[in-house]
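The following exercises are meant to be worked with the sequence and the structure side by side, and each is followed by a solution in steps.

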Amino acid sequence: MSTTSDVAMADSTRRRLELTSSRLTRLERMMEIRLVEDRIQELFAQGLVSGTTHTSQGQEAVAVALAAATRPTDYVSCTYRGHGVALALGLTPEVVLGEVLGRQIGCMGGLGGSMHLSDPDVGLLPTFAIVGAGTPVAVGAALQFSVTQCDGVAVSVFGDGATNIGAFHEGLNLAAVWNLPVIFVCENNLYGEYSPIASTTSVTDIATRAQSYAMASEIVDGQDVDAVEATISRAVERARTGGGPTLVEAKTYRYVGHSRSDKATYRPEGELDSWIARDPIELFAKKLAHDNELGGESVQDIQRRQSELIDAAQETVLASPSGSIAQMFENILAPSRH
Ligand SMILES: Cc1ncc(C[n+]2csc(CCOP(=O)(O)OP(=O)(O)O)c2C)c(N)n1
Ligand SMILES: [Mg+2]
């Protein structure tokens, strides 16, 4: 029997494949991520979101590039700042907004919320609220590909702060020792919660940490979607052909605070503006306009079209039923005592 979520999952695979069809689809997806996350912040301000949210405005290029460089049959683990990666991998705005707003239409039936997104149809492993926890899980997924001798790859997405966690180092070490097909993608946005990287981390370039594990590494401009895609594609090719793991460091920035309650007053004056001046969506839109790849539309028209799609998604979500307490117990298995 086909359920609402089956239909949404089939949709996610289609959207994932669409992403690889043109650079214009990549631009549209980056705009979609920005608009959905802006919308999430508005809905939060209206009191419609339970719990907290962590958004990634400014980091869209990394999410879209990694989705474009991998296949729906690969696995991806990511963090609580995961709306962008989920949308890039193919989850629809309805499914992501629905989950954030606790609706049954959400990818976890509205029971997981913002920090717990997942969709097996596009390989999105449940997103992790515990810093560093997704890395060993991605290594496990890569071990499965290795043992079954298929050419799948696993990707672990995490922040700069996560590279100070033991699980990160254990994961990289095992991946190197077992030569596993895994790509470690660090979104170095210069802050872990409210702490600038220099106050918590002994190195400036996270990529140098790969040397401890005799692992390949690359640093890339995280604001340039083409550059990130090329870098991750090289790592994917290495992994698929038995060359083992790679640590990719994308230098990027989050425009907003760590989470909804954070006004980010700890940032030096001018820092945010200097990153906005290299906004990944604007840079890519300019590039496509220059290369005549906007499909005959203006950037404003594309933006308006995306915005209307998000309006419609929001309307669908707000009209849909909430997750219920009864549903919470539907997927719990317990051994019989008798
Ligand atoms: C094991 C663990 N320690 C601490 C926290 C609290 N915490 C949540 S996010 C975060 C900062 C992580 O920063 P980073 O890895 O750079 O990711 P970003 O939030 O910048 O994307 C911390 C310390 C946690 N969730 N898990
Ligand atoms: Mg960070």
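**Exercise 1.** Determine in which helix Ala175 is found, and decide whether Ala175 is buried or exposed.

*Solution.* In this predicted model, Ala175 belongs to helix α7, which spans residues 166–177. To judge burial, count the other C-beta atoms within 10 Å of its own, where 20 or more make a residue buried; for Ala175 the count is 30, and the residue is therefore buried. Next, set aside the neighbours within four places in sequence, and the contacts of Ala175 that remain are Val139, Ala142, Leu180, Val182 and Pro245. Of these, Pro245 lies 70 residues away along the chain, yet its C-alpha atom is separated from that of Ala175 by 6.4 Å.

**Exercise 2.** Identify which residues of the largest nonpolar core touch the most other members, and which helix gives the largest share of this core.

*Solution.* The core holds 79 residues, and those touching the most other members are Val182, Ile183 and Val185. The largest share comes from helix α3 (residues 60–69), which supplies 9 residues. Taking Ile183 as an example, and leaving out residues up to four places away in sequence, one finds that it touches, among others, Val153, Val155, Ile232 and Val248. Pro245 is also touched by Ile183, and Pro245 has already appeared as a contact of Ala175.

**Exercise 3.** Explain why the buried residues of helix α10 lie on the same side of it, and state what covers them.

*Solution.* Begin with the buried residues of α10 (residues 280–290), which include Pro280, Ile281, Phe284 and Ala285. These residues lie on the same side of α10 because they cover an arc of only 125 degrees around the axis. On the other side, Lys286 and His290 are exposed. The cover over the buried residues includes α2 (23–45), α3, α8 (225–240) and α11 (299–318). Finally, α10 is followed by Asn292, whose phi is positive, near 60 degrees.

**Exercise 4.** Describe the surroundings of ligand 1 by residue, element and class.

*Solution.* Ligand 1 has 16 residues around it, of which Val131, Gly159, Gly161, Ala162 and Gly192 come nearest. The elements giving two or more residues to this shell are β2 (154–159) and β4 (191–192). By class, the shell divides into 6 nonpolar, 6 polar and 4 charged residues.

**Exercise 5.** Assess how compact the chain is for its length.

*Solution.* The chain forms 12 helices and 7 strands. Its radius of gyration is 19 Å, close to the 20 Å that the globule rule gives for 338 residues, so the chain is as compact as a globular protein of that length. Buried residues make up 48% of the chain.

Conventions. Residues numbered from 1 in each chain as written. Chains lettered and ligands numbered in written order. Predicted model: local features only at pLDDT ≥ 70, side-chain atom pairs only at ≥ 80, totals over all residues. Helix = DSSP H or I, 4+ residues; strand = E, 2+ residues; numbered from the N terminus. Buried ≥ 20, exposed ≤ 12 C-beta atoms within 10 Å, placed from the backbone. Contact = placed C-beta atoms within 7 Å. Near = placed C-beta within 6 Å. Nonpolar A, V, L, I, M, F, W, Y, C, P; charged D, E, K, R; others polar. Core = buried A, V, L, I, M, F, W, Y, C linked by C-beta atoms within 7 Å. Arc of directions from axis to C-beta. Rg over C-alpha atoms; globule rule 2.2 N^0.38 Å.
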